[in-house]
Amino acid sequence: MSKFCGHCGTTLADNATFCPSCGAPVQAQGAPAQPQFNQPAFQQAGAMGAPKAGMSKNAKLAIIIGCSAVALGLIIWLLIVLLGGGYEKPLKNYVKALEKQDVDLFVESVTPSGSLGALATLSESGAKSQYSSRVKNIINKYGEDYKISYEILEKTEMSTTETLGLVDKGYTLKVKFTVAGSKKEGSVTKTVKVLKTDGKWCLGSAPTLT
């Protein structure tokens, strides 16, 4: 009957005292040793410990909530940009129109998308007339190549009584305008109304900067 190395399983000669393959001593007495092969490496690795658990449910939920909040914020920002730009947009356009001497942008900033009746906002023809006088007065006081900046000092929401129920929303702003031209630099503080009707914001008047 053949016998085998108890260490590596190599077949041994009947009179062998040492394994010719691994050098292990051969048992001198007793029944022939059965092969005992080394455990495969992948089984040894498995025995050392189970695979690490995946990400916890709480961590996954936190990531999902965070991504959802970012996406919602982006959607809101896009809606503001695409659907009117907020109450400050007509004020920015007004300043830009005076700087660039852009009559069309001036008219857009001070005329509503619908009639506001007793609120007495400007018509298109009235806006064009005021545009000419505003630009002329700025040049006369501050000089050519002027730049205009502004700062909103106060913001108060208008009541339904103040808006006569004719607009979707309105604010009364206290705004500091600063004009720097080739002649001089100066600042004026004005009360400006911004009104929203039919989804569009406009100024309730065309403030003078002189």
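**Entry 1: H3 against H5**

I started with the pair H3 and H5 in this predicted model. Their axes come within 10 Å of each other, and the crossing angle is roughly 65 degrees. I looked up the hand as well: H3 and H5 cross in the right-handed sense. It is handy to have both numbers, since two packed helices are described by the angle between their axes and the distance between the axes.

Next I wanted the residues at this contact. From H3 I noted Tyr94, Ala97 and Leu98, and they meet Tyr131, Arg134, Val135 and Ile138 of H5. Sorted by kind, the residues of this contact give 6 nonpolar, no polar and 1 charged.

**Entry 2: Leu98 and the core**

Leu98 caught my eye, and I listed its contacts. Leaving out residues up to four places away in sequence, Leu98 touches Phe106, Arg134, Val135, Ile138, Tyr146, Ile148 and Leu209. Apart from the largest nonpolar core there is another core, of 6 residues, and Cys5, Leu12, Cys19 and Ala24 are among them.

Then I turned to the largest nonpolar core itself. Which of its 29 residues touch the most other members? I found Leu98, Phe106, Ile138, Ile148 and Phe177. The elements that each supply at least two residues of this core are H3 (89-100), H4 (103-110), H5 (124-142), S4, S5 and S6 (200-203). H5 gives the largest share, 6 residues. This fits a familiar pattern: in soluble globular proteins, nonpolar side chains tend to be buried together.

**Entry 3: the sheet**

I moved on to the strands. In what order do the 4 strands of the open sheet lie? I read S3-S4-S5-S6, with antiparallel pairing. S3 and S6 are the edge strands, each pairing on one side only. From one strand to the next, the twist averages 30 degrees. H3 packs on this sheet and touches S3, S4, S5 and S6, and the direction of H3 makes about 160 degrees with that of S3.

I then went through the pairings.

- S3 (residues 147-157) and S4 (residues 169-180) run antiparallel, and 10 bridges join them.
- Within this pair I picked out two positions: Ile148 faces Val179 in S4, and Thr156 stands opposite Thr172 in S4.
- S4 and S5 (residues 185-197) also run antiparallel, with 12 bridges between them.
- The link from S4 to S5 is a hairpin through 4 residues.
- I also noted that Ala180 has Glu185 of S5 as its bridge partner.

Ile148 thus turns up in several of my notes: it is opposite Val179, it is touched by Leu98, and it is listed with the core residues that touch the most other members.

**Entry 4: Asn137**

Back to H5, where I looked up Asn137. Is Asn137 exposed, partly exposed or buried? Its relative accessibility is 34%, so Asn137 counts as partly exposed; the partly exposed band lies between 20% and 50%. I also took a C-alpha separation: Asn137 and Leu209 are 72 residues apart along the chain, yet their C-alpha atoms are separated by 8.3 Å.

**Entry 5: two positive phi values**

I checked the backbone next, keeping in mind that most residues other than glycine have a negative phi. Gln101 has phi near 50 degrees, a positive value in a residue other than glycine. I located Gln101 in the loop between H3 and H4. With a relative accessibility of 39%, Gln101 counts as partly exposed.

Asp145 is not a glycine either, and has a positive phi of about 50 degrees. Where does Asp145 lie? I found it in the loop between H5 and S3. Is Asp145 buried or exposed? Asp145 counts as exposed because its relative accessibility is 70%, and the cut-off for that is over 50%.

**Entry 6: the whole chain**

I finished with the overall tally. I counted 6 helices and 6 strands in the protein. From the N terminus on, the elements run β-β-α-α-α-α-α-β-α-β-β-β. Of the 210 residues, 30% count as buried. For contacts between residues at least 6 apart in sequence, I noted that 56% join residues at least 24 apart.

Key: Residues are numbered from 1 along each chain as its sequence is written. This is a predicted model: local features need pLDDT of at least 70, side-chain atom pairs count only at pLDDT 80 or more; totals for chains, interfaces and linings use all residues. Side-chain values use heavy atoms; hydrogens and water are left out. Two strands pair if DSSP finds at least two bridges between them. A nonpolar core is a set of buried Ala, Val, Leu, Ile, Met, Phe, Trp, Tyr and Cys residues joined through side-chain atoms within 4.5 Å. Buried means under 20% relative accessible area, exposed over 50%, partly exposed in between (1.4 Å probe, protein chains only). Contact means heavy atoms within 4.5 Å. Axes are lines fitted to C-alpha atoms, for helices over the stretch in contact, and angles run from 0 to 180 degrees between N-to-C directions. A crossing is left-handed if the near helix is turned anticlockwise from the far one by less than a right angle, and right-handed if clockwise. Ala, Val, Leu, Ile, Met, Phe, Trp, Tyr, Cys and Pro count as nonpolar, Asp, Glu, Lys and Arg as charged, and the others, Gly among them, as polar.
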